[in-house]
There are 2 protein chains.
Amino acid sequence: MTGWQNLAGSDALNLAFIQRADKLIAPYIVQTPVLTSPVLNEIAGAELHFKCENLQRTGAFKFRGAMHALLHLTAEERAHGVFTVSSGNHGAALAAAGRELGIAVRVAVPNNAPAVKKQNIARSGALITEIEPGMAAREAIVQQWREESGLPFIPPYDHPYIIAGQGTAALELLKVEPDLDVLLTPLGGGGLLSGSAMVAHSQGIAVYGVEPELASDGAASLQSGRIQPAMPPRSICDGLLTSLGEHTFAVIQERVNDILVVSEQEVVDAMRFIWQHLHLVVEPSSATVFAAVCKYRERFHGQRLGLILSGGNVAVDQLPWPVQRLKIEANER
Amino acid sequence: MTGWQNLAGSDALNLAFIQRADKLIAPYIVQTPVLTSPVLNEIAGAELHFKCENLQRTGAFKFRGAMHALLHLTAEERAHGVFTVSSGNHGAALAAAGRELGIAVRVAVPNNAPAVKKQNIARSGALITEIEPGMAAREAIVQQWREESGLPFIPPYDHPYIIAGQGTAALELLKVEPDLDVLLTPLGGGGLLSGSAMVAHSQGIAVYGVEPELASDGAASLQSGRIQPAMPPRSICDGLLTSLGEHTFAVIQERVNDILVVSEQEVVDAMRFIWQHLHLVVEPSSATVFAAVCKYRERFHGQRLGLILSGGNVAVDQLPWPVQRLKIEANER
């Protein structure tokens with residue numbers, strides 16, 4: 001393995017690199033299913049193929065990138081361990097990948113992260129440190145831990161290893177459904193979108209990222225040509241609250257057709273439809289892609305669309321739609 | 001094809017017949033994924049492999065048997081259509097299979113069937129007639145329609161074609177995970193359990209059916225040696241309220257190790273765990289198998305278990321656990 005420090009920047013980020021990542025991580029990941037639903041097709045007026053990364057290990061695509069990054073460590077780096085900062089799915093993914101490979105993992109978690117995501121990180125035996133929310137506190141802890149420990153920081157998205165790992169989901173989807181017209185992924189920091197764009201663009205497939213309006217810094221970045229800061233964390237899409245990174249933004253500028261923006265209510269409606277008709281528990285971030293397909297119906301009408309459902313880590317007793325409590329009968333007669 | 005009337009009773013019901021069914025229906029069905037969860041393994045103290053028939057077409061394993069039955073019709077029988085009686089998943093499955101093959105389907109539905117299941121039947125264009133709940137009304141309408149129309153009645157479970165079709169789920173599971181110690185399925189009318197038992201028994205795998213205590217006529221039948229009538233429809237497991245049939249009971253007596261019984265609350269807890277950790281929407285009937293594994297922990301400890309999740313047709317705005325409404329922010333600033 002090349003080690004964490006020895007990668008030649010984003011030069012390494014090409015299709016062959018993602019294909020090698022695919023082979024490297026294959027023994028560790030779930031080849032997640034690609035599902036369809038006649039009901040959702042009818043609602044959207046298009047042919048939808050859902051790549052179900054909510055069924056990935058630790059419930060999100062993040063396991064791909066985290067595992068790929070760790071597999072590149074040298075034996076010495078492995079022995080010392082790694083750290084990261086994550087409000088959820090990346091932290092849990094890195095913790096689980098680390099446990100599997102016998103690598104110690106330390107995670108700084110913003111104290112406003114969803115409880116279910118904190119539990120997922122703790123469950124895999126990572127050492128957790130709570131920090132304040134926001135990019136400033138994130139950067140401070142990275143700086144501090146780097147200086148104190150010298151351990152590799154495995155970032156949640158902005159690194160070629162991570163991007164290549166996330167791109168393997170699109171690669172798998174295209175093995176099953178090669179004839180797509182369009183690929184849509186949620187957009188947060190851009191790891192999933194940029195990895196997917198590398199893959200889809202090489203095969204002439206249009207690529208769209210989708211963001212909630214309350215975290216639409218990605219669309220603003222693309223429009224202004226400069227990375228815009230993350231917006232205040234108001235969106236229900238807790239996986240999409242970070243700003244873009246240098247590596248991800250460069251790929252997105254070059255290979256993504258457009259960034260589509262949806263409302264909070266559109267996300268909630270889409271999420272409920274996916275639960276009801278696809279029989280999958282997905283988190284709000286995942287639902288953005290189906291929301292976009294419904295909102296921009298004319299643009300996608302009659303086309304073959306691939307949608308990456310990014311994750312399913314949501315508390316099933318806290319839902320953004322009204323739920324009537326179904327009474328159960330006592331067993332005692 | 002042999003036609004509906006020309007089957008030589010349950011003599012036909014052997015492993016080779018199920019293997020032929022598997023080949024026949026393969027072009028029409030979803031090869032549903034087999035999923036695992038480290039969290040659920042830990043809760044159960046065993047290695048669990050979930051066969052996800054909630055991700056089958058029309059959201060339940062029932063599509064297998066219905067499609068298999070229709071594929072055995074003669075051209076003349078196809079032209080005239082078929083009918084059935086079903087409170088849910090079988091009706092929707094037969095309607096969808098009929099639409100795909102161009103066969104008219106008429107379904108009698110008890111008026112207390114869950115709305116979401118009635119909608120699923122209507123969605124596939126079947127002609128629906130509402131009837132009173134209970135076995136008497138079911139038998140009366142079958143008698144009446146038989147006399148009036150002479151059309152084939154495609155029963156929900158008690159027929160070798162149906163049983164063989166349902167058995168293909170276990171066949172697929174064992175292709176992916178051949179080294180199981182035990183296979184568990186929910187038990188209602190016994191189509192899924194008897195088909196699964198034919199398959200698993202032939203490979204030396206122990207087979208258990210699982211019932212809710214409020215619909216435990218199957219356990220009572222096995223104990224008394226005679227088919228016991230269905231209990232009043234009080235259980236939350238709306239797919240498991242029917243009594244056994246002659247064909248299914250014969251197979252179950254011969255090849256099922258035991259029938260396990262769980263409480264309503266155990267079903268609800270199991271269902272919530274599956275939603276939370278497997279990221280799947282399953283209906284209460286499906287959750288019985290995981291409930292049994294948790295309840296009879298010592299019996300299954302450390303073993304490799306196959307569990308068939310039978311379906312996912314449940315209204316996601318009516319749940320049997322308390323759900324807090326998550327507020328969303330307005331997009332307008």
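## The three-stranded sheet of chain A

Val109(A) stands opposite Glu130(A), a residue of S5(A), and this pair offers a place to begin reading what is a predicted model. The two strands concerned, S4 (residues 105–110) and S5 of chain A, are paired in the parallel sense over five bridges. They belong to an open sheet of three strands in chain A, whose order is S3-S4-S5 and whose pairing is parallel. Strand S3 (82–85) and strand S5 (127–131) of chain A take the edges, where each has a single partner strand, so one side of each is left without a neighbour in the sheet. From one strand to the next, the twist averages 20 degrees.

A helix of chain A accompanies this sheet: H7 (residues 135–149) packs on it and touches S3, S4 and S5 of chain A. The direction of H7(A) makes about 165 degrees with that of S3(A).

## The six-stranded sheet of chain A

Chain A also holds an open sheet of six strands, which follow one another in the order S1-S2-S9-S6-S7-S8 and show mixed pairing. Here the edges are strand S1 (34–35) and strand S8 (258–262) of chain A; each has a single partner strand, so one side of each is left without a neighbour in the sheet. Within this sheet, strand S6 (residues 182–186) and strand S7 (residues 206–212) of chain A run parallel and are joined by five bridges, and Thr185(A) has Gly209(A) in S7(A) as its bridge partner.

Helix H12 (residues 264–278) of chain A lies across S1, S2, S7, S8 and strand S9 (304–309) of the same chain, and runs at about 90 degrees to S8(A).

## Salt bridges

Over all chains, a search of the whole structure finds 30 salt bridges. One of them is formed by Arg57(A) and Glu100(A), whose closest N and O atoms are 2.6 Å apart. Arg57(A) lies in the loop between strand S2 (47–52) and helix H3 (62–71) of chain A, while Glu100(A) lies in helix H5 (residues 89–101) of chain A, so the pair ties together parts that are 43 residues apart in sequence.

## Where chain B meets chain A

The contact between the chains draws on 46 residues from chain B and 46 residues from chain A. The area buried between chain B and chain A is about 4,300 Å², and carbon and sulfur atoms give 57% of this area. Between chain B and chain A the count of salt bridges is two, including the one in which the side chains of Arg234(B) and Glu329(A) meet at 2.9 Å, N to O. Across the interface of these chains there are 28 residue pairs in polar contact, with both residues at pLDDT 80 or more. On the side of chain B that touches chain A, the elements giving two or more residues are helix H6 (115–123), helix H12 (264–278), strand S10 (318–319) and strand S11 (324–325) of chain B. The largest share of that side comes from H12(B), with eight residues. By residue type, the side of chain B that touches chain A divides into 25 nonpolar, twelve polar and nine charged residues.

Strand pairing also crosses from one chain to the other, for strand S11 (residues 324–325) of chain A and S10(B) run parallel and are joined by two bridges. In this pairing Arg325(A) stands opposite Leu319(B), a residue of S10(B).

Notes:
Residues numbered from 1 in each chain as written. Chains lettered and ligands numbered in written order. Predicted model: local features only at pLDDT ≥ 70, side-chain atom pairs only at ≥ 80, totals over all residues. Heavy atoms only, no water. Contact = heavy atoms within 4.5 Å. Buried area = accessible area lost by both parts, 1.4 Å probe. Salt bridge = Lys/Arg side-chain N within 4 Å of Asp/Glu carboxyl O. Polar contact = N/O pair within 3.5 Å; in protein donor to acceptor, adjacent residues only side chain to side chain. Helix = DSSP H or I, 4+ residues; strand = E, 2+ residues; numbered from the N terminus. Nonpolar A, V, L, I, M, F, W, Y, C, P; charged D, E, K, R; others polar. Pairing = 2+ DSSP bridges. Axes fitted to C-alpha atoms, helices over the stretch in contact; angles between N-to-C directions.
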